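I opened the model to look up a handful of residues and one helix pair. My notes follow in the order I took them.

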Amino acid sequence: MSSPPGEASALPGPDAAAAAGPGRIVGLDLARFVAIAGMIATHTWLYADMPSGERIAGSALFDGRASALFAVLAGVGIVLSTRVAVASGRVGSARMMLLGRGAALIALGLTLDLVDVRLLVILVYYGVMFWLIAPLLTVPTWVLAVVTGVVAVGAPVLAWLVALWSAPSIGAARAAGEHVVSGNVSWADLGDPVGVLREVLFTGSYPAIIWLAYGLGGVLIGRAVVRIRSVAALRSVGVRVALAGGAVWVLGIVVSLLVLGPVGAAAGVAADARIPASQGLGLLLQSGSGHPSASSAWYLLTPAAHTGSTVDLLLTGGFAVTAVGVLMLVGSVLGLLAQRILTPVIGAGRAPLTSYTAHVLLVAVVTGLLLPAPWSSLSYADYVALGTPWYLSSFGMFALNLGLVLVIGTVLVLLGRRGPLEFCVTWAGRAAGGLVKARR
């Protein structure tokens, strides 16, 4: 999620490009901002009526897609942040940089998850995804493409099997009143390392083994980006990325139509749940908890958001890649005046980790002050009784959070500073990368 270090404000000249690859690409900043805004929308303005689950159509479009866009952009950032080390042959140092950056994200996520907030914080999962990508950083592109496809197909099955195997023991632990790692993972959960590993890798809200597919897709894009040497090349890459994403998206739509039609997944889910067949479609299309539900193997084919199925990966990953390509094209035609007007947007996109963290903390503070009791202590009856207060889902809450990240972006640009959390993650990466150099 952090911005690549060392990026300039425009494409560099040929000599600089040959040494360090592309400068800062405005379209990537725009894409990061779209991801931030989309996640804020799904966190603060998703429901018209929370107890009944009635959603706001516009915000629902970003459900599962905004976070996927973040993951793809993380993969792009991985390539940009390690390009100098890789180009100079310091592959071990580059891999250590990823381990260091991932560790910083994990530490921040574990700390942020100590806050009693109703949001599912993604940072721990992202950090582990960085670790998983590190061994694959320099494999040939065709091998990386094959691995990405294998992960997209195989990881959901593996996560489903782990969920199926662990469901009885988790159920028994909950029945006995024991602590079970679930949702956000904080420092307090590290006393159960097996539970933490299971949650972060397979059964959590953003299972790293599944989200690895998004990250690897971003690495593939990043490899094309580092070869950009001109505006014409930038536009060419943008077109190819958009077309590739569109092809994946269309494939996901076709597979979804087959699943919902001739394959009969809805009827299969209904049969496994022992409910009328007419209710199967609604059950199949419910937004998931991050991984394919262990209650039926048919969930491996669901196209619903946040289910971690292969079809979900195709749809959300296709959207994310298409968005990156389109916004690279948009950024390539923006003049200096347009970029100045968009300073708050571009600035927030340059500091996605800082912006995201500020958003999480703002939600925690506002809801903590206004909720009648801590969020984690609310029962289902309390939840229903709340209805849909403005501080849980409203345009006002969305605008408040979006305004905060726009202010952050503006201030950072005016001061000529990087986001403080981006600086910390970059420092951690360089410090880890320096360990290899020091050993030599």
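**Entry 1: threonine 322**

I began with threonine 322, which is buried with a relative accessible area of 14%. The model is a predicted one, and I kept that in mind throughout. I placed threonine 322 in helix α13. Which residues does threonine 322 touch, not counting those up to four places away in sequence? I found Ala242, Gly245, Gly246 and Trp249. I then checked the pair with alanine 242. The two are 80 residues apart in sequence, yet their C-alpha atoms are 4.2 Å apart in space.

**Entry 2: α13 against α9**

I stayed with α13, residues 310–332, and turned to its packing with helix α9, residues 208–225. I read an angle of about 25° between the two and a distance of 11 Å between their axes. Angles under 35 degrees count as roughly parallel, so I entered α9 and α13 as roughly parallel to each other. I noted the handedness of their crossing as right-handed.

Which residues make the contact? On the α9 side I listed Ile210, Ala213, Tyr214, Ile221 and Val225. On the α13 side I listed Asp312, Leu313, Thr316, Gly317, Val321, Val324 and Met328. I sorted the residues of this contact by type: nine are nonpolar, two polar and one charged. Some of the spacing fits a general point: an α-helix has 3.6 residues a turn, so residues three or four places apart point the same way.

**Entry 3: α9 on its own**

I looked at the length of α9 next. Its 18 residues reach 24 Å from first C-alpha to last. That is close to the 26 Å expected at 1.5 Å a residue. Is α9 mostly covered or mostly open? I found it mostly covered, with 17 of its 18 residues buried.

I picked glycine 217 as one residue of α9 to follow up. Its relative accessibility is 17%, and buried means under 20%, so I counted glycine 217 as buried. I also took its distance to leucine 378. The two C-alpha atoms are 39 Å apart in space, and the residues are 161 apart in sequence.

**Entry 4: two positive phi values**

I looked for backbone angles worth a note. Most residues other than glycine have a negative phi. Arginine 274 has phi near 55°, a positive value in a residue other than glycine. Histidine 306 also has a positive phi, near 60°.

Where do they lie? I found arginine 274 in the loop between α11 (265–273) and α12 (280–284). I found histidine 306 in the loop between α12 and α13. I then compared their burial. Arginine 274 counts as exposed at 79% relative accessibility, whereas histidine 306 is buried at 17%.

**Entry 5: glutamate 54**

I closed with glutamate 54, which is in strand β2, residues 54–55. Is glutamate 54 buried, partly exposed or exposed? I read a relative accessible area of 49% and entered glutamate 54 as partly exposed. Leaving aside neighbours within four places in sequence, I found glutamate 54 in contact with Leu46, Tyr47, Ala48 and Asp49. I also checked how far glutamate 54 is from glycine 245. Their C-alpha atoms are separated by 30 Å, and the two residues are 191 apart along the chain. Glycine 245 had already come up in my first entry, among the residues that threonine 322 touches.

Conventions
Residues are numbered from 1 along each chain as its sequence is written. This is a predicted model: local features need pLDDT of at least 70, side-chain atom pairs count only at pLDDT 80 or more; totals for chains, interfaces and linings use all residues. Side-chain values use heavy atoms; hydrogens and water are left out. Axes are lines fitted to C-alpha atoms, for helices over the stretch in contact, and angles run from 0 to 180 degrees between N-to-C directions. Helices (H or I, at least four residues) and strands (E, at least two) are DSSP runs, numbered from the N terminus. Angles under 35 degrees count as roughly parallel, over 145 as roughly antiparallel, 65 to 115 as roughly perpendicular and the rest as oblique. A crossing is left-handed if the near helix is turned anticlockwise from the far one by less than a right angle, and right-handed if clockwise. Contact means heavy atoms within 4.5 Å. Ala, Val, Leu, Ile, Met, Phe, Trp, Tyr, Cys and Pro count as nonpolar, Asp, Glu, Lys and Arg as charged, and the others, Gly among them, as polar. The expected span of a helix is 1.5 Å times one less than its number of residues. Buried means under 20% relative accessible area, exposed over 50%, partly exposed in between (1.4 Å probe, protein chains only).
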